[in-house]
Amino acid sequence: MNDFPLHDFYGDIYTSYDRVNRIFTFGKDRAWRRKAAAELLANEPDRVLDLCTGTGDFILELAGQSAESGRNIELGGYDFSREMLQEAERKKGELQKRKSLPDISFKEGDAGAMPYEDGHFDALGITFGLRNLVYENSNAKQHLSEIYRVLRPGGQFVVLESSKPASPLWTVFNSIYLRFFLPYLGGLISGNLKAYKYLANSSKNYYSIREMEMILESAGFHALRSRALFLGSVMLLVLEKK
Ligand SMILES: C[S@@+](CC[C@H](N)C(=O)[O-])C[C@H]1O[C@@H](n2cnc3c(N)ncnc32)[C@H](O)[C@@H]1O
């Protein structure tokens with residue numbers, strides 16, 4: 001289990017999670033997930049895992065894009081928070097009333113011990129979840145080796161995550177925003193100040209693109225390309241399993 005009680009935290013905030021996301025990213029998070037999904041589907045994978053799927057925004061975007069391209073792929077969503085997954089199931093049901101989607105199967109469990117066979121997935125994506133798995137987490141190595149294990153050789157690994165901005169001016173603004181704004185507004189909306197303090201602190205002290213790539217390269221991945229979004233506060237990385 002993690003050093004910080006992340007599991008309970010997500011069980012507490014799942015009802016407000018999507019709303020808080022929209023507010024904090026000024027509504028940009030949807031566009032970032034669209035870009036990340038396009039990267040993940042670029043090589044036409046047949047089996048895709050959305051790790052730390054949460055309330056399902058990313059997997060539903062993947063499902064929508066696959067349906068539009070006429071491809072029927074296997075989509076797995078994995079997360080250790082039952083409450084977040086229930087919300088994802090609910091949203092999937094709502095969307096399925098409006099359009100036909102590929103098969104999506106959600107599973108509950110810890111990223112450190114996934115119930116999938118070696119090399120099962122052609123592509124694996126993680127949006128705003130990698131920070132939870134590696135930042136100040138004593139299981140970081142195990143999480144990364146599980147990601148490596150379930151991905152097939154040559155398979156793509158796409159990461160969308162907070163990042164340390166490159167510009168000094170934006171760094172100052174970003175730090176003020178994360179220190180004085182995000183925890184209190186998030187705490188107010190969700191009723192869990194402690195959770196949003198953790199989230200803000202882990203975002204503030206998180207890695208630059210190159211630092212993140214180096215961590216992932218040392219876990220066996222090869223960095224293919226990266227993009228800085230939102231003036232460098234968000235990173236989109238594309239890697240592959242060597
Ligand atoms: C910030 S949310 C991101 C959710 C979603 N991917 C998105 O883009 O909104 C992080 C998710 O990671 C999950 N999580 C954190 N640590 C985990 C672990 N060790 N194993 C499985 N899921 C984990 C949490 O339950 C939460 O749903």
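**Exercise 1.** Locate D103 in the chain, and decide whether D103 is buried or exposed.

*Solution.* Begin with the secondary structure, where helices (H or I, at least four residues) and strands (E, at least two) are DSSP runs numbered from the N terminus. D103 is found in the loop between α5 (82-98) and β3. The structure is a predicted model, in which local features need pLDDT of at least 70 and side-chain atom pairs count only at pLDDT 80 or more, while totals for chains, interfaces and linings use all residues. Residues are numbered from 1 along each chain as its sequence is written.

Next, apply the burial rule: with C-beta atoms placed from the backbone, a residue is buried if 20 or more other C-beta atoms lie within 10 Å of its own, exposed if 12 or fewer, and partly exposed in between. D103 counts as exposed because it has 10 C-beta neighbours inside 10 Å.

Finally, look for partners of D103, taking two residues to be in contact if their C-beta atoms, placed from the backbone, lie within 7 Å. Leaving aside residues up to four places away in sequence, D103 touches E74 and L75. The C-alpha atoms of D103 and I73 are separated by 7.1 Å, although these residues are 30 apart along the chain.

**Exercise 2.** Work out the order of the strands in the open sheet, and say which strands form its edges.

*Solution.* Two strands pair if DSSP finds at least two bridges between them, and the pairing in this open sheet of 7 strands is mixed, with the order β3-β2-β1-β4-β5-β7-β6. The edge strands are β3 (104-108) and β6 (221-229), each of which pairs on one side only.

As an example of one pair, take β1 (residues 47-51) and β4 (residues 121-127), which run parallel and are joined by 3 bridges. Within β4, A123 stands opposite V48.

**Exercise 3.** Describe the residues around the ligand, by distance, by element and by character.

*Solution.* Here a residue is near a molecule if its C-beta atom, placed from the backbone, lies within 6 Å of it. There are 18 residues around the ligand, of which C52, G54, S81, A111 and T127 come nearest.

Turning to the helices, α1 (6-13), α4 (57-68) and α6 (130-134) each supply at least two residues of this shell.

For character, Ala, Val, Leu, Ile, Met, Phe, Trp, Tyr, Cys and Pro count as nonpolar, Asp, Glu, Lys and Arg as charged, and the others, Gly among them, as polar. The shell around the ligand then divides into 9 nonpolar, 6 polar and 3 charged residues.
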